[in-house]
Amino acid sequence: MNLIKNFAENEGGSYEEESVKNVFSQIGRLIYQPKKALFKIGNSQFSINLDEVGGAIPTAEPFRITLHLDKNFQNTLEIYPSSFVEKILQKMLSAKKKLRNNYTFIGNASIIEQLIKNKLLLTRLQKNRVYIRIPKENTSKIILTPPYGIKDEMQLADFIEILKCIETTLKTKYGS
């Protein structure tokens with residue numbers, strides 16, 4: 001995708017894409033092409049991965065934008081759009097999940113408190129629909145997944161800013 005390639009090159013990073021693989025199956029032709037971009041903004045290392053699928057298969061792997069942290073923070077985090085049921089349950093029950101601006105936050109309570117105070121983060125989350133997590137198996141990375149791809153460089157810059165806000169909160173809380 002030219003958007004990712006251009007962004008990575010503008011940031012002094014690298015872009016790789018494997019050759020297109022064609023497979024013919026009973027349901028039709030399948031086209032598969034993994035793509036990856038690596039770049040650095042300030043002191044933060046980013047990667048964008050896409051395993052693009054086309055042809056007879058109508059779905060594709062989502063983009064995964066990853067911010068690689070300096071160290072393991074030993075805390076998991078999930079931020080995702082709240083469902084209607086979660087909004088109702090949150091009003092009825094006092095749960096450990098925090099609901100803010102139509103997003104659900106799950107994880108360390110003190111980190112979440114800092115995140116929901118960050119106006120820039122909440123504004124960017126309101127403009128975009130994203131899924132963010134720090135996985136339990138590797139707490140040294142923050143993964144952002146947009147469900148509908150990346151429209152333009154401005155939206156990609158928003159996604160990166162969201163990740164940087166979370167990184168800043170973690171570094172402030174735990175030191176760098």
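**Salt bridges, core and surface of the predicted model**

A network of salt bridges links Asp70, Lys164, Glu167 and Lys171. This arrangement belongs to a predicted model, in which six salt bridges are present in total. Within the network, Lys171 is paired with Glu167, and the closest N and O atoms of the two side chains are 3.3 Å apart. Because Lys171 and Glu167 are four residues apart in helix H5, about one helical turn separates them. In general, an α-helix has 3.6 residues a turn, so residues three or four places apart point the same way. Glu167 counts as buried, its relative accessibility being 4%.

Asp158 takes part in two further salt bridges, one with Arg124 and one with Lys127. In the pair with Arg124, the closest N and O atoms are 2.3 Å apart. Asp158 belongs to helix H5 and Arg124 to helix H4 (residues 119-127), so this salt bridge ties together parts of the chain that are 34 residues apart in sequence. Both partners are buried. For Asp158, this classification rests on a relative accessibility of 8%, which falls under the 20% limit for buried residues. In the pair with Lys127, the closest N and O atoms are 3.2 Å apart. Lys127 also lies in helix H4, and its pairing with Asp158 of helix H5 therefore ties together parts that are 31 residues apart in sequence. Lys127 counts as exposed, at 53% relative accessibility, whereas Asp158 counts as buried.

The protein chain as a whole contains five helices and 10 strands. Of its 176 residues, 39% count as buried. Among contacts with a separation of 6 or more, 53% are made by residues 24 or more positions apart. The chain exposes about 10,100 Å², of which carbon and sulfur atoms supply 50%.

The largest nonpolar core comprises 40 residues, and those with the most contacts inside it are Ile79, Phe105, Leu125, Ile132, Ile142 and Ile166. Helix H5 (residues 153-174) provides the largest share of this core, with eight residues. In soluble globular proteins, nonpolar side chains tend to be buried together. When residues up to four places away in sequence are not counted, Ile142 touches Ile65, Thr66, Leu67, Leu69, Ile132, Arg133, Ile134, Leu163, Ile166, Glu167 and Leu170. This set includes Glu167, a member of the salt-bridge network described above.

In helix H3 (residues 109-117), the buried residues are Ile111, Ile112, Leu115 and Ile116. They lie on the same side of H3, because the arc they cover around the axis is only 125 degrees. Ile111 is also among the residues in contact with Tyr174, together with Lys71, Phe73, Asn75 and Asn108, when neighbours within four places in sequence are left aside. Tyr174 is located in helix H5 and, at 31% relative accessibility, counts as partly exposed. Although Tyr174 and Phe73 are 101 residues apart in sequence, their C-alpha atoms are 7.5 Å apart in space.

On the surface, Phe84, Val85, Ile88, Leu89 and Met92 make a nonpolar patch of about 530 Å². One of these residues, Ile88, lies in helix H2 (residues 84-92). Ile88 is partly exposed, with a relative accessible area of 35%, and thus satisfies the requirement of over 30% for residues in a patch.

Key: Residues are numbered from 1 along each chain as its sequence is written. This is a predicted model: local features need pLDDT of at least 70, side-chain atom pairs count only at pLDDT 80 or more; totals for chains, interfaces and linings use all residues. Side-chain values use heavy atoms; hydrogens and water are left out. Patches are made of residues with over 30% relative accessible area and no salt bridge: like charges are joined within 9 Å, nonpolar side chains (Val, Leu, Ile, Met, Phe, Trp, Tyr) within 5 Å. Accessible areas come from the Shrake-Rupley method with a 1.4 Å probe; for residues, only the protein chains shown count as cover. A salt bridge is a side-chain nitrogen of Lys or Arg within 4 Å of a carboxyl oxygen of Asp or Glu. Helices (H or I, at least four residues) and strands (E, at least two) are DSSP runs, numbered from the N terminus. Buried means under 20% relative accessible area, exposed over 50%, partly exposed in between (1.4 Å probe, protein chains only). Contact means heavy atoms within 4.5 Å. The arc is that of the directions from the helix axis to the C-beta atoms. A nonpolar core is a set of buried Ala, Val, Leu, Ile, Met, Phe, Trp, Tyr and Cys residues joined through side-chain atoms within 4.5 Å.
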